[in-house]
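Welcome! Have a look at the chain below, and then let us walk through it together.

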Amino acid sequence: MKLRTKITLLIAFSLLLVLLLFNVITYITVVNMTTQNEIRLLWEAAQPIMSQPGLYNPERWNRIGWLRPFLTPQSMIRIIDTNSLVQADLHSEDQLTQIPATFSSRGFAKTIKTANTLIVYIQTPIIDENNITLGALQMGRELDTLDEYLRVLITVLMFTTLGAAFFSLMSGMYYTRVILRPIHRLAFIMEVNQQNGVFMQMAVPPNGQQDELGQLVHTFNTMIGKLEHNFNRQKQFLADASHELKTPLTIIESYADLLKRWGGNDTALREEAIEAIQSEAARLRNLTQSLLTLANTEAEGQKLWQTFDLFELVRTTAAALQQAFHRSILVESEQPNIPLYGDPGQIKQLLIILLDNAIKYSQKPVRIKLIKDQRDEHIIVLQVIDQGIGVEITEIPRLFDRFYRVDQDRSRETGGSGLGLAIARNIVRLHKGTVTITSSVGAGTQVTVKLPLRYDTQVSDTPESHVENSPSQETES
């Protein structure tokens, strides 16, 4: 069953149920109001009879002539003794004889529903001046007019209910079609995307809906936009990776072919070919390892997260690289203990990438500064500063792109694959931080990383990016 049919039937059934409940309440209310009014009239009619002296003389009960003036159409007057024997009975309708003649020392009012009509009656005890109960007076009335009114009322309510049910079906079909129209359009667009492999979004009018359907459309468009963005990044990544892998494989293949043809007789050519194959194989291994590292940093896992001392991690990492490269690396910190919640392995990899770049492209000492953010004391600022060759302002915005190199020849000589800063950006993004680069040709480069000391799970997984403009241009992940 279609959703439209379900909603229409649900609306019609709900309205029909409400109408039936309303009809029952209306019917019961009309019957109760009418019977109570008739009972009140019977009590008023009994008052003149109760004031008659003959009522308190049992010898006159069988002489009913004095009661006849009190008899009205469609009514009954009856006197019964304490033994429930009828001593006097006047009635204008035979249906009224169905009223039970049962003596009771207490007054009451009752309603009887017969096969043909509705009867109401009252009964009150007859007590003389000596406080002796002599019997009881009964007065009843047949409500045949009420029966006619009730039949008319039931007919009107029935036709009203049927008309309302039909109207609810028609209006339900119309309104569900209007309400479900965006969902049908959304389903059509999803089917088109699935069949054609495209990323079509749903058009939203300028004054689009702000209700749940509008939120659904907005969420769908956002999801499609992210899917398209990730798909394009994947295509670009595959294209770049294929291009980068193609170069060393071509060199290896060329030198292997050269060895096969001429390497056996030429020692110098054989050594050159072996050295080139070995160099390109190592480069290919490093490139593959960088690709795996990049993929791992995009997994966004927190399995190895813990609280660790950032200052101690920076100090030991800087000491290790200083020993390996025989270069001076200075560490400056405002405090000796900086507790940071995150993955110490990834943060160490981030430091190695930034320090490796600083060492490769500068000859002077490299500085690392750890300071608190001036705007938020819960954010730590890590700066890696070199005094190297620097980068052109126009090149800075693309430094975090995969496989991008400012100088292709120089990067190949230093072993760069163009993936280091892309990996660094992912690490910073996973830790809900930002990374910016400030550089000037001939004056050096400064990389600034801001990390929250405590990981906030309420922060969005994709923090907003921003570019801070300065005389030397900055960009961030």
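Of the contacts in the chain with a separation of 6 or more, 61% join residues 24 or more positions apart; contact here means heavy atoms within 4.5 Å. This is a predicted model, in which local features need pLDDT of at least 70 and side-chain atom pairs count only at pLDDT 80 or more, while totals for chains, interfaces and linings use all residues. Residues are numbered from 1 along each chain as its sequence is written, and side-chain values use heavy atoms, with hydrogens and water left out.

The chain holds eight helices and 13 strands. Helices (H or I, at least four residues) and strands (E, at least two) are DSSP runs numbered from the N terminus. Of its 477 residues, 38% count as buried, where buried means under 20% relative accessible area, exposed over 50%, and partly exposed in between (1.4 Å probe, protein chains only).

**An open sheet**

Let us begin with a sheet. Five strands line up in the order β2-β1-β5-β4-β3, with antiparallel pairing, and the sheet is open. β2 (86-91) and β3 (108-113) each have a single partner strand, so one side of each is left without a neighbour in the sheet. On average, neighbouring strands here are turned by 15° against each other, direction ignored. Two strands pair if DSSP finds at least two bridges between them; β1 (residues 75-81) and β5 (residues 133-142) have seven, in the antiparallel sense. Asp81 stands opposite Gly135 in β5.

**Nonpolar cores**

Next come the cores. A nonpolar core is a set of buried Ala, Val, Leu, Ile, Met, Phe, Trp, Tyr and Cys residues joined through side-chain atoms within 4.5 Å. The largest has 40 residues, and Leu310 and Val449 touch the most other members. Elements that each supply at least two residues include α5 (310-325), α6 (344-360), β9 (366-372) and β12 (444-452). α6 gives the most, with eight residues. Leaving aside neighbours within four places in sequence, Leu310 is in contact with Ile338, Leu340, Ile347, Leu370 and Ile380. A second, separate core of 24 residues includes Val31, Trp66, Leu137 and Leu150.

**Two helices meeting**

How do α6 and α8 pack, and at what angle? Their axes are 9 Å apart and the angle is about 145°; axes are lines fitted to C-alpha atoms, for helices over the stretch in contact, and angles run from 0 to 180 degrees between N-to-C directions. Among the residues making the contact are Ile347, Leu350 and Ile353 of α6 and Leu421, Ala424 and Ile427 of α8. The residues of this contact divide into 10 nonpolar, four polar and no charged. In this count Ala, Val, Leu, Ile, Met, Phe, Trp, Tyr, Cys and Pro are nonpolar, Asp, Glu, Lys and Arg are charged, and the others, Gly among them, are polar.

**Three loop residues**

Most residues other than glycine have a negative phi. Gln74, however, has a positive phi of about 60° although it is not a glycine, and phi of Ser84 is near 65°. The table places these two in their loops, together with Asp343.

| Residue | Loop | Relative accessible area |
|---|---|---|
| Gln74 | between α1 (3-50) and β1 | 25%, partly exposed |
| Ser84 | between β1 and β2 | 28%, partly exposed |
| Asp343 | between β8 (339-342) and α6 | 11%, buried |

Leaving aside neighbours within four places in sequence, Asp343 is in contact with Leu304, Trp305, Phe308 and His431.
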